[in-house]
Amino acid sequence: MDYKSKEFQRNRISHKKRFINVLQELLQNSKKNVHETIKVKHEYIEFLQHTDLRRDLKKYYPDLVAFIGHKYGQIDLKGPVSQVVDATVIINEQLHKICEKQLTLSQSDLVWNIVAKNRWNEYFARQLCKENIKAKVCVGPSNALMILGFSQEECERAFEILFEILKEDTLSITADCSVQSDKFQSLISKLQRGALVQIDVLPEENSVRIIGVYEDISGATKQIYDFIKTDRIHSDTHRPQVSEHIWNFLRDCENVKKIAKDFEQYSISIEITESDDYEQFLVRGFNEGIEQCKQRLTEFAATIVEQEKKLEYPGIKRLFLDQAGKEQLQMIEKEMDVEIEIIVQSGRKFSKAPVPLPRTFSLPTKKSESFIYDYDECNFTTKEGTDVSWKYGNIGNEAVSSLKT
């Protein structure tokens, strides 16, 4: 080709003009903002955020705006063409460098509730920072746990550190302290909220399994043992200051069972115990519940009243001691929620045994077939010397041969 020919010179000038136009167009486009979307796995986005990706991009590309969409699994870049292109290259390079280490199911079960806490991320990052490791425990597909890092060596070391700082311990609880009580469950919830521990309650074994970082396990263990010392099952005896008759009523009263049920959150039970022929309540449960239960028993005993009614009617003693009379009294006790005791007075002593009344003579009478109670004739002589005789039954069916006054 003849470089000095007029044709070559014309083409050279034409190509030069076109090149200048294209270059100017490129320079103008480079000043325009463009948009680029990079699809990324959810767990990778979480890891990149952990490595301060957005801060680094802002530092080296000040006109670039990065939107990290964890929900949609993508990174959106907006800004000048040159900065978007460079940032895209850097992000893709980092994505290709990410390595994974999957945690087994049993291991995931141990640490799942620990690593889900916000405090855990800060604590684990501090431990990794001591060895200049950039790694993170993330949630992968099917809720599997995995460790992500920029090299397989870092993932392996992060895995080792994870189980160096996580410890496990099992505490056996004494039989007199229930792990299912409301107060114990409240303590467990409080410990899990405030510390990097996960506590599994094992009711069948009456024990707890604690998983977490060493220092938090030590603190939780101390609080649990302190709780057991003050809130274990205790027992105490109690008898309200009442008369023997009121005690006999109180000991078998259904309301006593209701009082025990009112304090079931303290594992309260009420029994009758006897010591040296002296009956009293045996109250079992947590200390706080025992004191409240004893107070309730005392208050209830104070509502029970005792009244002695002296009845002086002919034949009343035999009426109450007869089987038919006893059945009537039992019916009254049941319907009125009371206890009735028959006290037969003989001199200064009280006895339930029949006491014969003084008798003189009987008037000759004819017993009626319609006689209601088959009692003997009851006769006595008054202080004035009057002889008195009577029988129960229909007076119309009785024949009197004589009356003496």
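**Exercise 1.** In this predicted model, is E46 buried, partly exposed or exposed?

*Solution.* Start with the relative accessible area of E46, which is 24%. Buried would need a value under 20%, and exposed one over 50%. E46 is therefore partly exposed.

**Exercise 2.** Find the salt-bridge partner of E46 and say where the two residues lie.

*Solution.* First, look at the side chains: E46 meets K136 in a salt bridge, at 4.0 Å from N to O. Next, place them: E46 belongs to helix α2 (residues 42-50) and K136 to strand β5 (residues 135-139). The pair is 90 residues apart and links distant parts of the chain. Finally, check K136 itself: its relative accessible area is 8%, so K136 is buried.

**Exercise 3.** Work out which parts of the chain the salt bridge between E156 and K101 ties together.

*Solution.* The two side chains meet at 3.6 Å, N to O. E156 sits in helix α7 (residues 152-165) and K101 in strand β4 (residues 99-102), so the bridge ties together parts 55 residues apart in sequence. With 32% relative accessibility, E156 is partly exposed.

**Exercise 4.** Test whether the span of helix α14 agrees with its number of residues.

*Solution.* Helix α14 covers residues 323-336, which makes 14 residues. At 1.5 Å a residue, the expected span is 20 Å. The end C-alpha atoms are 20 Å apart, so the two values agree. Now look at the ends. At the start of α14, a side-chain oxygen of D322 comes to within 3.0 Å of the backbone nitrogen of A324. Just after the helix, D337 has a positive phi of about 55°.

Note on methods: Residues numbered from 1 in each chain as written. Predicted model: local features only at pLDDT ≥ 70, side-chain atom pairs only at ≥ 80, totals over all residues. Heavy atoms only, no water. Helix = DSSP H or I, 4+ residues; strand = E, 2+ residues; numbered from the N terminus. Expected span 1.5 Å × (residues − 1). Polar contact = N/O pair within 3.5 Å; in protein donor to acceptor, adjacent residues only side chain to side chain. Buried < 20%, exposed > 50% of the residue type's maximum accessible area, 1.4 Å probe, protein only.
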